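Colleague: I'm new to this one and would love a friendly tour. Could you put it up so we can look together?

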Amino acid sequence: MDCVSPILDVATRLWDCTAKRVVYIRELEKNLNSLERLTKELSNLRTDVMAEVEREEKEEVPQRRRKNEVGGWLSAVQAMEEEVEEILQNGRQEIQQKCLGTCPKNCRSRYRLGKTVTEKINAVTELTDKGHFDVVTDRLPRAPVDERPMGKTVGLDLMFEKVRRCLEDEQVRSIGLYGIGGVGKTTLLRKINNEYFGKSNDFDVVIWVVVSKPISIEKIQEVILKKLTTPEHNWKSSSKEEKTAEIFKLLKAKNFVILLDDMWERLDLLEVGIPDLSDQTKSRVVLTTRSERVCDEMEVHKRMRVECLTPDEAFSLFCDKVGENILNSHPDIKRLAKIVVEECKGLPLALIVIGRSMASMKTPREWEQALQMLKSYPAEFSGMGDHVFPILKFSYDHLYNPIIKSCFLYCSLFPEDHEIWNEELIDLWIGEGFLNKFADIHKARNQGDEIIRSLKLACLLEGDVSEYTCKMHDVIRDMALWLSCESGEENHKSFVLEHVELIEAYEIVKWKEAQRISLWHSNINEGLSLSPRFLNLQTLILRHSNMKSLPIGFFQFMPVIRVLNLSNNANLVELPLEICKLESLEYLNLEWTRIKMMPKELKNLTKLRCLMLDYVEGLEVIPSNVISCLLNLQMFRMMHFFFSDIMEYDAVGVLQEMECLEYLSWISISLFTVPAVQKYLTSLMLQKRIRELNLMACPGLKVVELPLSTLQTLTVLGFDRCDDLERVKINMGLSRGHISNSNFHNLVKVFILGCRFLDLTWLIYAPSLDYGRNYRE
């Protein structure tokens, strides 16, 4: 018996092992069917989970993202389905290959397959058990993004969806949107930006940057650093390289979207501090440009051409601008409108501009004449200039007055993306003589405001009609320069330069035929010994330079110059005497300079009509008998609104000289002493002429009794740190009891800074105060 027990134990073990293997072989077909059934159930479960995930990711607000656990399970199920499909195919082949009808040909291979099937059944069952989730998505954090203002869009939805899908594709990390000017690239970029506003997504920050030309790396860096909420004192005085390192450090730890609008040339993202996108799997850069070449230079992963609108979309946009009332007023107008839309070739900017121009045309005859003008324009061109300018010129041609046309073209002398103060622009128009039919500056300014309003309504200037600034869209600005330099009726030449570090003689020689030269943030070589002959030059604008002086001889040959603007040259301390020989000069602007002394030779400028000395810090001397010799002077400005350096000139003497000037109708001035204030209060002539008055400091001034006539002429009135002033009151004179608020509608701005007096009841006589208006500084 002792010998038999071990033998039985071994036999039992052999039978168990053999039986298990026999089951793998014998039950193969049954197990294959079970595996197929269980896998089908698993696939159905995966479909249900995926549907729930997609619904929550697309429809839930705030946005949600699938949990990592769910995403891993879905991937495991997909892999399992592929493995099972291969096993089932092998199983079907094995079952078909039998010897003598029932026995397998190869027991070893059938055994291995049967074992694998059993293992997969267990694995599928385990996956199925894990696929019952209580929560399939997590709520995403909100991305810091500033909503961009935009109105109703037409024809961008399909393009927007294409861009959105690319942004979700991890293989596409940079996108270039290109197309002709005015096609809607910036609008599309705004729509992309706003898609992230108030919604959850994968991005930590979305940054909007207007690049424009020429590229300013430091300006772009400042925009990015401000958006990253970095304290300004940490980087304001840093070098460009230090800002680059700071931006790189901050962005490398984030998933970001950079939206670069209006690109004209390659931008080195690493030089800005933007990390290489190959290392940032979640980050994106989207840019807009008019040139496909920029997309090449920026090596974008995906480029998309922003196409013009389809005929139906174009007609819808055009009708929105013209108005249904006009279109339905006569059957022929709608027919003609469709022909006009065809001429616009689906370009949104042209449809908007021309649509608004046509909105005032109420008869078929007017429409036919306008259409004929549009069709008969003969220009043939390529690229942006070939397709955009003539259409925009059509709107320009419909400006009803040659003066308005000149005013419009003049706006192109300001830099790209520059926000223009209406008041500053109108003063230049007055200096140019565009508004000469008005002897009174106040009336001329009113006319200037109306011109700006007309240009805004015609979409030739940007900005709300009620705003105090305007801006020129860069496409329209290019068109205006094209008209001025190449196709204008007057055939004059304009040169506009920005951000040129040092202008040398060979550049200046190119300007000899120019009628208007505008230099911004640019410096002429002060050491030039050159006397260029600008025989046709009417306007010279030289602003925001770093120059301390101007080249000797530069102003020697400018026989017909009318406008000279040297404002915002903060280092300029001396006025070249050559300027005092420009006998044709009518407008001289020295605002925001540091000129200490006005030369006595200034009196030689007998044709001067506008003299601007606002914010000339530290002005010490205005020689006597200079202002009184400027017999044609109409506007004199010398305002200050802050204590940086109290001016020490003889204000009383200047006021006395201005009293005798026949044509002077607008004075803006700051008075610093009691005698100067008393001179104003006792002079009816000055009270009629001073339109903007600031009383600044005025030690010893305790009471100001403003004549009633003052409120009838003043537009701006200020009291700045008048420490001794105790009271302001209105002297009614003979008008007591007969006051109408309508007499005082001109006073729109009153500011009181650092004063002790509290009685402001006199402001009841100023019903037109504009509390939202900012004074130009």
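Colleague: How many bridges join S12 to strand S13?

Modeller: Happy to help, and please keep in mind that this is a predicted model. Strand S13 covers residues 516–520 and runs parallel to S12. One of the pairings puts Glu 498 opposite its bridge partner, Trp 520 in S13. The number of bridges joining S12 to S13 is 5.

Colleague: Which strands are the edge strands of the sheet?

Modeller: The sheet is open and has 11 strands with parallel pairing, in the order S12-S13-S14-S15-S16-S17-S18-S19-S20-S22-S24. An edge strand here pairs on one side only. That description fits strand S12 (494–498) and strand S24 (749–753).

Colleague: What angle does the direction of helix H23 make with that of S19?

Modeller: Helix H23, residues 651–659, packs on the sheet. It touches strand S18 (635–638), strand S19 (666–671) and strand S20 (690–696). With the direction of S19, the direction of H23 makes about 165 degrees.

Colleague: How many residues are in the largest nonpolar core?

Modeller: Leu 588, Leu 611, Phe 636, Ile 669 and Leu 695 have the most contacts inside that core. Leaving aside neighbours within four places in sequence, Leu 588 is in contact with several residues, including Leu 564, Ile 579 and Leu 611. A second, separate core includes Val 286 and Met 361 and has 48 residues. For the largest core, the count is 82 residues.

Colleague: What share of the protein's residues is buried?

Modeller: Buried means under 20% relative accessible area. The protein has 777 residues, and the buried share of them is 50%.

How values were computed: Residues are numbered from 1 along each chain as its sequence is written. This is a predicted model: local features need pLDDT of at least 70, side-chain atom pairs count only at pLDDT 80 or more; totals for chains, interfaces and linings use all residues. Side-chain values use heavy atoms; hydrogens and water are left out. A nonpolar core is a set of buried Ala, Val, Leu, Ile, Met, Phe, Trp, Tyr and Cys residues joined through side-chain atoms within 4.5 Å. Buried means under 20% relative accessible area, exposed over 50%, partly exposed in between (1.4 Å probe, protein chains only). Contact means heavy atoms within 4.5 Å. Two strands pair if DSSP finds at least two bridges between them. Helices (H or I, at least four residues) and strands (E, at least two) are DSSP runs, numbered from the N terminus. Axes are lines fitted to C-alpha atoms, for helices over the stretch in contact, and angles run from 0 to 180 degrees between N-to-C directions.
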